[in-house]
Amino acid sequence: MFNMKAVEPRQLGPGSRFRFLCHKQISCFTHCCSNVDIMLTPYDILRLKRRLGVSSGEFLEKYTIVRVDKQSTHPYAYLKMGDGADRKCPFVVVPDGCAVYTDRPVSCRYYPVGQGTLKKSAESGEVRHEEFYFFVREKHCMGYKEKNEWTIDSWKDDQEITLYDGMNREWKQLLMRRNLPGQPGLDDKKKMLFFMSSYDLDKFRGFVFGSRFLEIFDIPEAEVEEIKSSEEALMKLGFKHLKFVLGLEQTLKVRESVLKDREAQAKQAKAARNAAKDKKPEEK
Ligand code: SF4
Ligand code: SF4
């Protein structure tokens, strides 16, 4: 997170114009890559772990810290900054810049633009979410003095933000729905599932193919084939799993045979309880 005092109090839309350029010759180059809180998205982690050639588990262990959000109780992954007083990003190389530039997180791509969401309630009671943007004008950032002109939309295209936002869309929608009043906090098991399905793609793959997941859920054959070869498809199955686990949507279909088995087991358990009651000697 940037310094909130630097947020310009003006709500922007996709066509809002601004002048900006960030380049290696600028005097403040890499100044924004220290002492910053960067919350990572699932697609950030997919791209970064692929870039570094490590598993999602190794990436999370080495490069992230977890913070549990007070309101939603979701455990979120943040980029772990260096221990020094300047809290440098692990990927910043002075004077060259970002060592993972083409796979940098979406927050770094947006900067100096910030993005927020407004909750709007219609008379019918329906709640809609509207995206808006704002500028972050930190004193050290000289980019605003450059002449290149953008709209918010052309900035998003240039920085590949449209691709990242598309990949993370379902996950972000899920967070917004969970932030509505009345949503329960997560117990430890759900927190673990939230973290795995959001960020730990390799562990989630092991869960899908190494547990009874595919016996329980009726996933179309074509989708099973796709998730074997595409991490993006696996990530999106993770979002579906999360919505199901959090009780937001019936995004996964439990197989008929599993439902029948569960029904039969419930009947057996009930019969056993009744039989035990009948056997109980009468109290005097
Ligand atoms: S990931 Fe790259 S762009 Fe983002 S803070 Fe770190 S060095 Fe800077
Ligand atoms: S402070 Fe602004 S201009 Fe300077 S490197 Fe960061 S984004 Fe670029």
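# Notebook: a pass through a predicted model

**Overall build.** I started with contacts: among those between residues at least 6 apart in sequence, 70% join residues at least 24 apart. I'm working from a predicted model here. I counted the secondary structure next and got 11 helices and eight strands. Then I checked the dimensions. The C-alpha trace spans about 90 × 50 × 45 Å along its principal axes. I get a radius of gyration of 24 Å, against near 19 Å for a compact globule of 284 residues. For burial, 20% of the 284 residues count as buried.

**Helix H11.** I pulled up residues 256-279, which form helix H11 with its 24 residues. From first C-alpha to last, H11 reaches 35 Å, close to the 34 Å expected at 1.5 Å a residue. Is H11 mostly buried or in the open? I found that zero of its 24 residues are buried, so H11 lies largely in the open.

**Lys240.** I went to helix H10 (residues 231-245), where Lys240 is found. What does Lys240 touch, leaving aside neighbours within four places in sequence? I noted Thr251 and Leu252 as its contacts. I also checked Ser197: Lys240 and Ser197 are 43 residues apart in sequence, yet 8.9 Å apart in space, C-alpha to C-alpha. Lys240 has 19 C-beta neighbours inside 10 Å, so I logged Lys240 as partly exposed; a buried residue would need 20 or more.

**Hairpin S2/S3.** I looked at how these two strands pair: S2 and S3 run antiparallel over five bridges. One bridge I wrote down joins Arg67 to Tyr76 in S3. Six residues sit between the strands of this hairpin, and Thr73 takes a positive phi near 65° there. Thr73 belongs to the loop between strand S2 (64-68) and strand S3 (75-79). I counted 16 other C-beta atoms within 10 Å of Thr73, so Thr73 goes down as partly exposed.

**Asn35.** I have another positive phi in a residue other than glycine: Asn35, near 50°. Where does Asn35 lie? I placed Asn35 in the loop between strand S1 (17-19) and helix H1 (42-52). Because Asn35 has 15 C-beta neighbours inside 10 Å, I count Asn35 as partly exposed too.

**Cis peptides.** I looked up two cis bonds, and each leads into a proline. Val94 and Pro95 are joined by one with omega about 10°, and Pro95 is in the loop between strand S4 (92-93) and strand S5 (97-98). The bond from Tyr111 to Pro112 is also cis, with omega near 15°. Pro112 lies in the loop between helix H3 (106-110) and strand S6 (113-121).

**Ligand 1.** Which residues are around ligand 1? I listed Cys33, Cys89, Phe91, Val92, Cys98, Val100, Arg104, Pro105 and Cys108. By type, I split this shell into eight nonpolar, no polar and one charged.

**Ligand 2.** I did the same lookup for ligand 2. Its surroundings include Cys22, Cys28, Cys32 and Cys141, along with His31 and His140. Ile26, Phe29, Thr30, Met142 and Gly143 are there as well. So is Tyr111, the residue I already had from the cis bond to Pro112. How does the shell of ligand 2 divide? I get eight nonpolar, four polar and no charged.

Definitions and conventions
Residues are numbered from 1 along each chain as its sequence is written. Chains are lettered from A and ligands numbered from 1 in the order in which they are written. This is a predicted model: local features need pLDDT of at least 70, side-chain atom pairs count only at pLDDT 80 or more; totals for chains, interfaces and linings use all residues. Helices (H or I, at least four residues) and strands (E, at least two) are DSSP runs, numbered from the N terminus. A residue is buried if 20 or more other C-beta atoms lie within 10 Å of its own, exposed if 12 or fewer, and partly exposed in between; C-beta atoms are placed from the backbone. A residue is near a molecule or strand if its C-beta atom, placed from the backbone, lies within 6 Å of it. Ala, Val, Leu, Ile, Met, Phe, Trp, Tyr, Cys and Pro count as nonpolar, Asp, Glu, Lys and Arg as charged, and the others, Gly among them, as polar. The expected span of a helix is 1.5 Å times one less than its number of residues. Two residues are in contact if their C-beta atoms, placed from the backbone, lie within 7 Å. Two strands pair if DSSP finds at least two bridges between them. The radius of gyration is taken over C-alpha atoms; the globule rule is 2.2 Å times the number of residues to the power 0.38.
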